[in-house]
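Please look through the structure shown here with two topics in mind, namely pairs of charged side chains and the packing of helices. The report takes these topics in turn.

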Amino acid sequence: MYLSRGLRHGTRRPVARLQELVSISAAPKKRSIVTDADVDKARNYCVDQLRQGDYDAYLVRQFVPRSAQNAYDALRTLNLELARLPETVSNPTIGQFRMQFWRDTVNKTFAGNPPREPISILLHQAIKDLADMTGSSSSASSIKFWLLRFINTREKYMDNRPFTSLTALEDYAE
(Lines give C-alpha, C1' and ligand atoms only; values in the text may rest on other atoms or scores of the structure.)
Protein backbone atom coordinates (compact mmCIF):
# COMPACT_ATOMS: atom_id res chain seq x y z
CA MET A 1 0.00 0.00 0.00
CA TYR A 2 2.71 2.50 0.95
CA LEU A 3 5.46 1.01 -1.19
CA SER A 4 6.58 2.91 -4.22
CA ARG A 5 5.33 1.69 -7.56
CA GLY A 6 8.71 0.22 -8.45
CA LEU A 7 8.91 -1.78 -5.22
CA ARG A 8 5.32 -3.04 -5.56
CA HIS A 9 6.04 -4.41 -8.98
CA GLY A 10 9.46 -5.72 -8.08
CA THR A 11 11.39 -3.60 -10.60
CA ARG A 12 13.63 -1.86 -8.05
CA ARG A 13 15.81 -3.66 -5.62
CA PRO A 14 15.61 -2.29 -2.06
CA VAL A 15 19.27 -3.18 -1.36
CA ALA A 16 20.47 -1.16 -4.36
CA ARG A 17 18.39 1.83 -3.24
CA LEU A 18 19.78 1.54 0.29
CA GLN A 19 23.34 1.43 -1.05
CA GLU A 20 22.60 4.52 -3.15
CA LEU A 21 21.33 6.40 -0.09
CA VAL A 22 24.32 5.35 2.00
CA SER A 23 26.76 6.48 -0.67
CA ILE A 24 25.05 9.89 -0.84
CA SER A 25 25.13 10.41 2.93
CA ALA A 26 28.72 9.14 3.20
CA ALA A 27 29.98 11.67 0.68
CA PRO A 28 32.73 13.80 2.20
CA LYS A 29 31.49 17.10 3.55
CA LYS A 30 33.01 20.24 2.14
CA ARG A 31 35.21 22.12 4.55
CA SER A 32 34.47 25.76 4.87
CA ILE A 33 36.96 27.97 3.13
CA VAL A 34 37.74 31.33 4.65
CA THR A 35 38.49 33.91 1.98
CA ASP A 36 40.28 37.24 2.34
CA ALA A 37 36.94 38.98 1.85
CA ASP A 38 35.51 36.99 4.79
CA VAL A 39 38.46 38.00 6.96
CA ASP A 40 38.06 41.68 5.98
CA LYS A 41 34.34 41.60 6.82
CA ALA A 42 35.06 39.86 10.12
CA ARG A 43 37.77 42.40 10.98
CA ASN A 44 35.43 45.30 10.19
CA TYR A 45 32.72 43.74 12.35
CA CYS A 46 35.07 43.23 15.29
CA VAL A 47 36.54 46.71 15.07
CA ASP A 48 33.05 48.19 14.87
CA GLN A 49 31.97 46.20 17.94
CA LEU A 50 35.02 47.43 19.85
CA ARG A 51 34.37 51.02 18.79
CA GLN A 52 30.79 50.83 20.02
CA GLY A 53 31.13 48.61 23.08
CA ASP A 54 34.68 48.88 24.42
CA TYR A 55 36.12 52.18 23.31
CA ASP A 56 39.23 51.84 25.48
CA ALA A 57 40.12 48.57 23.74
CA TYR A 58 39.45 50.26 20.42
CA LEU A 59 41.92 53.03 21.28
CA VAL A 60 44.55 50.58 22.53
CA ARG A 61 44.16 48.68 19.25
CA GLN A 62 45.92 51.53 17.46
CA PHE A 63 49.13 50.65 19.33
CA VAL A 64 49.01 46.89 18.77
CA PRO A 65 51.46 45.72 16.08
CA ARG A 66 49.80 44.94 12.74
CA SER A 67 50.86 41.30 12.97
CA ALA A 68 48.87 40.88 16.20
CA GLN A 69 45.82 43.00 15.41
CA ASN A 70 43.67 40.12 14.15
CA ALA A 71 44.25 38.21 17.37
CA TYR A 72 43.67 41.31 19.49
CA ASP A 73 40.46 42.21 17.67
CA ALA A 74 39.07 38.67 17.86
CA LEU A 75 39.92 38.15 21.53
CA ARG A 76 38.69 41.55 22.69
CA THR A 77 35.45 41.17 20.73
CA LEU A 78 34.93 37.70 22.19
CA ASN A 79 35.49 39.18 25.64
CA LEU A 80 32.95 41.90 24.88
CA GLU A 81 30.43 39.35 23.62
CA LEU A 82 30.78 37.18 26.71
CA ALA A 83 30.66 40.18 29.06
CA ARG A 84 27.41 41.37 27.46
CA LEU A 85 25.81 37.96 27.65
CA PRO A 86 24.25 38.18 31.15
CA GLU A 87 22.45 41.41 30.20
CA THR A 88 21.29 40.22 26.79
CA VAL A 89 19.67 36.91 27.72
CA SER A 90 16.34 36.68 29.51
CA ASN A 91 16.91 33.21 30.90
CA PRO A 92 20.02 31.56 32.41
CA THR A 93 19.41 28.45 30.31
CA ILE A 94 19.68 30.52 27.14
CA GLY A 95 22.93 31.94 28.49
CA GLN A 96 24.27 28.43 29.02
CA PHE A 97 23.33 27.53 25.45
CA ARG A 98 25.20 30.59 24.20
CA MET A 99 28.25 29.66 26.26
CA GLN A 100 28.13 26.16 24.78
CA PHE A 101 27.92 27.73 21.34
CA TRP A 102 31.14 29.65 22.06
CA ARG A 103 32.87 26.52 23.37
CA ASP A 104 31.89 24.63 20.21
CA THR A 105 32.95 27.61 18.08
CA VAL A 106 36.39 27.73 19.70
CA ASN A 107 36.84 23.96 19.24
CA LYS A 108 35.81 24.11 15.58
CA THR A 109 37.98 27.16 14.94
CA PHE A 110 41.07 25.52 16.39
CA ALA A 111 40.26 22.36 14.40
CA GLY A 112 40.57 24.46 11.24
CA ASN A 113 36.87 24.63 10.39
CA PRO A 114 35.53 27.90 11.81
CA PRO A 115 31.79 28.56 11.73
CA ARG A 116 30.56 31.44 9.59
CA GLU A 117 30.75 33.84 12.53
CA PRO A 118 32.95 36.99 12.40
CA ILE A 119 34.82 36.43 15.66
CA SER A 120 35.67 32.83 14.80
CA ILE A 121 36.74 33.75 11.26
CA LEU A 122 39.12 36.41 12.56
CA LEU A 123 40.40 34.10 15.30
CA HIS A 124 41.01 31.40 12.67
CA GLN A 125 43.04 33.88 10.62
CA ALA A 126 45.04 34.87 13.71
CA ILE A 127 45.80 31.21 14.42
CA LYS A 128 46.95 30.70 10.83
CA ASP A 129 49.13 33.82 11.04
CA LEU A 130 50.66 32.60 14.31
CA ALA A 131 51.38 29.17 12.81
CA ASP A 132 52.99 30.82 9.78
CA MET A 133 55.19 33.04 11.98
CA THR A 134 56.29 30.30 14.39
CA GLY A 135 56.30 27.39 11.97
CA SER A 136 54.24 25.20 14.31
CA SER A 137 50.79 25.02 15.78
CA SER A 138 51.86 24.04 19.31
CA SER A 139 51.17 27.49 20.77
CA ALA A 140 47.60 27.31 19.44
CA SER A 141 46.75 24.53 21.89
CA SER A 142 47.67 26.69 24.88
CA ILE A 143 45.58 29.55 23.46
CA LYS A 144 42.65 27.16 23.07
CA PHE A 145 43.06 26.00 26.67
CA TRP A 146 42.94 29.55 28.00
CA LEU A 147 40.00 30.53 25.80
CA LEU A 148 37.95 27.56 26.98
CA ARG A 149 38.89 28.33 30.57
CA PHE A 150 37.86 31.94 30.02
CA ILE A 151 34.47 30.87 28.64
CA ASN A 152 33.91 28.45 31.52
CA THR A 153 34.73 31.16 34.06
CA ARG A 154 32.37 33.63 32.39
CA GLU A 155 29.65 30.98 32.51
CA LYS A 156 30.30 30.27 36.17
CA TYR A 157 29.83 33.95 37.06
CA MET A 158 27.06 34.70 34.58
CA ASP A 159 24.52 35.59 37.24
CA ASN A 160 26.51 38.75 38.19
CA ARG A 161 26.34 38.15 41.92
CA PRO A 162 28.76 40.22 43.99
CA PHE A 163 31.85 38.41 45.20
CA THR A 164 31.53 37.16 48.76
CA SER A 165 35.20 37.53 49.63
CA LEU A 166 38.52 38.75 48.31
CA THR A 167 39.49 35.12 47.68
CA ALA A 168 36.44 34.70 45.41
CA LEU A 169 37.42 37.82 43.49
CA GLU A 170 41.02 36.60 43.10
CA ASP A 171 39.73 33.22 41.94
CA TYR A 172 37.63 34.93 39.28
CA ALA A 173 40.50 37.18 38.18
CA GLU A 174 42.81 34.22 37.68
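## A salt bridge between helices α8 and α6

In this predicted model, the side chains of Glu 155 and Arg 103 form a salt bridge, with a distance of 3.0 Å from N to O. The pair links distant parts of the chain, since Glu 155 lies in helix α8 (residues 138-156) and Arg 103 lies in helix α6, 52 residues apart.

How exposed or buried are the two partners? Glu 155 counts as partly exposed because its relative accessibility is 22%, while Arg 103, with a relative accessible area of 14%, is buried. The cut-off that matters for this reasoning is that buried means under 20% relative accessible area.

## A buried pair between helices α5 and α4

Another salt bridge joins the side chains of Asp 73 and Arg 61, at 2.7 Å from N to O. This pair, too, links distant parts of the chain, with Asp 73 in helix α5 (residues 66-88) and Arg 61 in helix α4 (residues 55-61), 12 residues apart. Both Asp 73 and Arg 61 are buried.

## A pair within helix α3

The side chains of Arg 51 and Asp 48 also meet in a salt bridge, with 3.0 Å from N to O. Because Arg 51 and Asp 48 are 3 residues apart in helix α3 (residues 36-53), about one helical turn separates them. Arg 51 counts as partly exposed, as its relative accessibility is 38%, and Asp 48 likewise counts as partly exposed, at 28% relative accessibility.

The pairs described so far are part of a larger set, for the count of salt bridges comes to 7.

## How helices α6 and α7 pack

Two packed helices are described by the distance between their axes and by the angle between those axes. For helix α6 (residues 92-110) and helix α7 (residues 118-134), the axes come within 9 Å and cross at roughly 35°. The crossing of α6 and α7 is right-handed.

Which residues bring the two helices into contact? On the α6 side they are Trp 102, Thr 105, Thr 109 and Phe 110, and these meet Ile 119, Ser 120, Leu 123, His 124 and Ile 127 in α7. Sorted by class, this contact of α6 with α7 has 5 nonpolar residues, 4 polar residues and no charged residues. Helix α6 therefore appears in both topics of this report, since Arg 103 in α6 is paired with Glu 155 in helix α8, under the rule that a salt bridge needs a side-chain nitrogen within 4 Å of a carboxyl oxygen.

Notes
Residues are numbered from 1 along each chain as its sequence is written. This is a predicted model: local features need pLDDT of at least 70, side-chain atom pairs count only at pLDDT 80 or more; totals for chains, interfaces and linings use all residues. Side-chain values use heavy atoms; hydrogens and water are left out. Axes are lines fitted to C-alpha atoms, for helices over the stretch in contact, and angles run from 0 to 180 degrees between N-to-C directions. Helices (H or I, at least four residues) and strands (E, at least two) are DSSP runs, numbered from the N terminus. A crossing is left-handed if the near helix is turned anticlockwise from the far one by less than a right angle, and right-handed if clockwise. Contact means heavy atoms within 4.5 Å. Ala, Val, Leu, Ile, Met, Phe, Trp, Tyr, Cys and Pro count as nonpolar, Asp, Glu, Lys and Arg as charged, and the others, Gly among them, as polar. Buried means under 20% relative accessible area, exposed over 50%, partly exposed in between (1.4 Å probe, protein chains only).
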